[in-house]
Amino acid sequence: MSKRIIKISADDLRSIINNDAEVIKKYLSMLPNPKKCECCGHIFNPQRHTEIYCDNCKLTGYIKKVKSDDILKKYNTAYKTMYARMRRKKLTIEELAIWRERAYKAMLDAKAGHITMNEYTTILYRI
Ligand SMILES: [Zn+2]
């Protein structure tokens, strides 16, 4: 988390303690607008208005991890759908095996960034 030091005069500090809206406003305007990190949801102070991820997510590669989990989640959801189709006799065991092989390969491609999430989803639901 980045820190910003703002000097406050004793008079202003007294005004803030006394809830002087004008003085409080003056100092609030010096602070960058806090934003919600699009990855983890934590509130952070962006250094530029274009920033959408907090420092922690940027540094730890958490964004990648969440994206990767999302890819796995999509695979699992699609697998459940396909398995249910097989149970309802809308898909044979062989077809499910073929689907699984293709879907698994697509998952690896999506994780590696070779295909987009849209392409990935399309492949997952194609028989
Ligand atoms: Zn974050």
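In this predicted model, the centres of domain 1 and domain 2, taken over C-alpha atoms, are separated by 41 Å. The domain assignment places domain 1 at residues 10-60 and domain 2 at residues 62-124. The C-alpha atoms of the protein fill a box of roughly 80 × 30 × 20 Å along the principal axes. Six helices and two strands are present, and from the N terminus on they follow the order α-α-β-β-α-α-α-α. The radius of gyration is 25 Å, well over the 14 Å that the globule rule gives for 127 residues, so the protein is more spread out than a compact globule. Buried residues account for 10% of the 127 residues, and among contacts between residues at least 6 apart in sequence, 32% join residues at least 24 apart.

**Helix H5 and its two faces**

Helix H5 covers residues 93-112, and its 20 residues reach 29 Å from the first C-alpha to the last, close to the 28 Å expected at 1.5 Å a residue. Its buried residues are Trp99, Ala103, Ala106, Met107 and Ala110. Seen down the axis of H5, these buried residues fall within an arc of 110 degrees, so they line one face of the helix. That buried set packs against helix H4 (62-87) and helix H6 (117-124). On the face of H5 turned away from the buried side, the exposed residues are Glu94, Ala97, Glu101, Tyr104, Lys105, Leu108 and Ala112. Gly113 follows H5 and has a positive phi, near 80 degrees.

**The nonpolar core**

In soluble globular proteins, nonpolar side chains tend to be buried together. Here the largest nonpolar core has nine residues, namely Ala78, Met82, Trp99, Ala103, Ala106, Met107, Ala110, Tyr120 and Leu124. H4, H5 and H6 each supply at least two residues of this core, and the largest share, five residues, comes from H5.

Two members of the core can be followed through their contacts. When residues up to four places away in sequence are not counted, Leu124 touches Lys74, Tyr75, Ala78, Ala103 and Ala106. Met82, which has its place in helix H4, is in contact with Leu91, Leu96 and Trp99 once its neighbours within four places in sequence are left aside. Met82 has 20 other C-beta atoms within 10 Å and is therefore buried, since a residue is buried if 20 or more such atoms lie within that distance. Between Met82 and Asp69 there are 20 Å in space, C-alpha to C-alpha, for a separation of 13 residues in sequence.

Arg85 also belongs to helix H4, but this residue is partly exposed, with 16 other C-beta atoms within 10 Å. Not counting residues up to four places away in sequence, Arg85 touches Lys90 and Leu91; Leu91 is also one of the contacts of Met82. Arg85 and Ile52 are 33 residues apart in sequence, and their C-alpha atoms are 40 Å apart in space.

**Loops and positive phi values**

Where in the chain do residues other than glycine take a positive phi? Asn19 is one of them, with phi near 65 degrees, and it lies in the loop between helix H1 (10-17) and helix H2 (21-28). Lys89, with phi likewise near 65 degrees, is found in the loop between H4 and H5. The table sets out these two residues together with their C-beta neighbour counts.

| Residue | Loop | Phi | Other C-beta atoms within 10 Å |
|---|---|---|---|
| Asn19 | between H1 and H2 | near 65 degrees | 8 |
| Lys89 | between H4 and H5 | near 65 degrees | 7 |

Why do Asn19 and Lys89 count as exposed? A residue is exposed if 12 or fewer other C-beta atoms lie within 10 Å of its own. Asn19 has 8 such atoms and is therefore exposed, and Lys89, with 7 C-beta neighbours inside 10 Å, counts as exposed as well.

Asn19 comes just after H1, and H1 itself is hardly covered, for the count of buried residues among its eight residues is zero. In H5, by contrast, the buried residues include Trp99 and Met107, and H5 gives the largest nonpolar core its largest share of residues.

How values were computed:
Residues numbered from 1 in each chain as written. Predicted model: local features only at pLDDT ≥ 70, side-chain atom pairs only at ≥ 80, totals over all residues. Domains from an automatic or database assignment. Helix = DSSP H or I, 4+ residues; strand = E, 2+ residues; numbered from the N terminus. Expected span 1.5 Å × (residues − 1). Arc of directions from axis to C-beta. Contact = placed C-beta atoms within 7 Å. Core = buried A, V, L, I, M, F, W, Y, C linked by C-beta atoms within 7 Å. Rg over C-alpha atoms; globule rule 2.2 N^0.38 Å.
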